[in-house]
Amino acid sequence: MSKTFSKESILPLVDHGHTDFGENKVQEAEDKWTEIKLNKKYLQLHMIGKLQTNKVKQAVKIFDYIHSLDSTKLAKKISEEQKKIEKKLKIFIQINIGNESQKSGILINELDQFYNMCIKNFDLNIIGLMCLPPAEIDPEECLSQKAGLCPFEDESGGLKMQRKARVNYPTSS
C-alpha cells in the first residue's frame, strides 16, 4: 500500500525492485504515479478502493488492476474506457459475501450471471474475486464455506490471494 505516502517515500522502494503498489484514490494515484510509471513501465498499480464511475477514465489510464468491480454500470464504463485507449486491466469482482446491506459488491447468487456478462458483453479480463467477510464471522470459516463459488476454472489465484490478505490483514467494516 502506497496510499498517503509521498512520491519521495515510495521511490526508494521502486529503486530496490518493488513492482506492485496499491492506491485507493484515483486523484492521489494520478498525482503520484503518472510520471513514475512513464519512466518505469514495469510497475503495476492496483486500485483497491471503491471506484466511482466518474473516475473510471482516469483510473483506466493509471491503474493496471482494479480490485473492486461491484456493478454493471462500473463494468460498462471500464469496458468503454479500456477500448478507447486499447488497454486491458486485470479485474477482481467484489462480492458481498455476507449479503450485508452496508457493503457494496455483487451478491453470491448473482455472481455467475455477473461474471458471464462481464466476459461476454464487456470483454473484461476478470482474474478473481475480492471478498470482505462480515466482521463478526471468522474469515477462514466464511471463505472456506464459499470457496466453491469462484466461477474460474482454476480460481486464477484471485480468491486465494484475496482470502489470505483479508485473513492476515483485517479491514474495518
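On a 1 Å grid over the protein atoms alone, a pocket is an open set of points where a 1.4 Å probe fits, with protein on both sides within 12 Å along at least five of seven lines, and its lining residues have an atom within 4 Å of a point. The structure examined is a predicted model, in which local features need pLDDT of at least 70 and side-chain atom pairs count only at pLDDT 80 or more, whereas totals for chains, interfaces and linings use all residues. Residues are numbered from 1 along each chain as its sequence is written, and side-chain values use heavy atoms, with hydrogens and water left out.

The second largest pocket is lined by Glu30, Thr34, Lys37, Leu38, Lys41, Gln58, Lys61, Ile62, Asp64 and Lys87. Its volume, taken as the space filled by probe spheres set on grid points that are joined across faces, edges and corners, is about 180 Å³. Helices (DSSP runs of H or I, at least four residues) and strands (E, at least two) are numbered from the N terminus; H2 and helix H3 (56-62) each supply at least two lining residues of this pocket, and H2 gives the most, with four.

Helix H2 (residues 26-39) also carries Trp33, which forms an aromatic pair with Phe21 of strand S1 (residues 20-23), a link between distant parts of the chain, 12 residues apart. This is the one aromatic pair that the structure holds. Rings of Phe, Tyr and Trp (its six-membered ring) pair if their centres lie within 6.5 Å, and planes under 30 degrees apart count as stacked, over 60 as edge-to-face and the rest as tilted; with centres 4.7 Å apart and planes at 45°, the pair of Phe21 and Trp33 is therefore tilted. Buried means under 20% relative accessible area and exposed over 50%, with partly exposed in between (1.4 Å probe, protein chains only), so Phe21, at 4%, counts as buried, as does Trp33, at 1%.

The largest nonpolar core (buried Ala, Val, Leu, Ile, Met, Phe, Trp, Tyr and Cys residues joined through side-chain atoms within 4.5 Å) has 37 residues, and those with the most contacts inside it are Trp33, Leu51, Leu69, Ile78, Ile93 and Leu124. Helix H5 (residues 111-120) provides the largest share of this core, five residues. In H5, Leu111, Phe114, Tyr115, Met117 and Cys118 are buried; they cover an arc of only 165° around the axis (from the directions to the C-beta atoms), which puts them on the same side of H5. The face turned away from this buried side carries the exposed residues Gln113 and Lys120.
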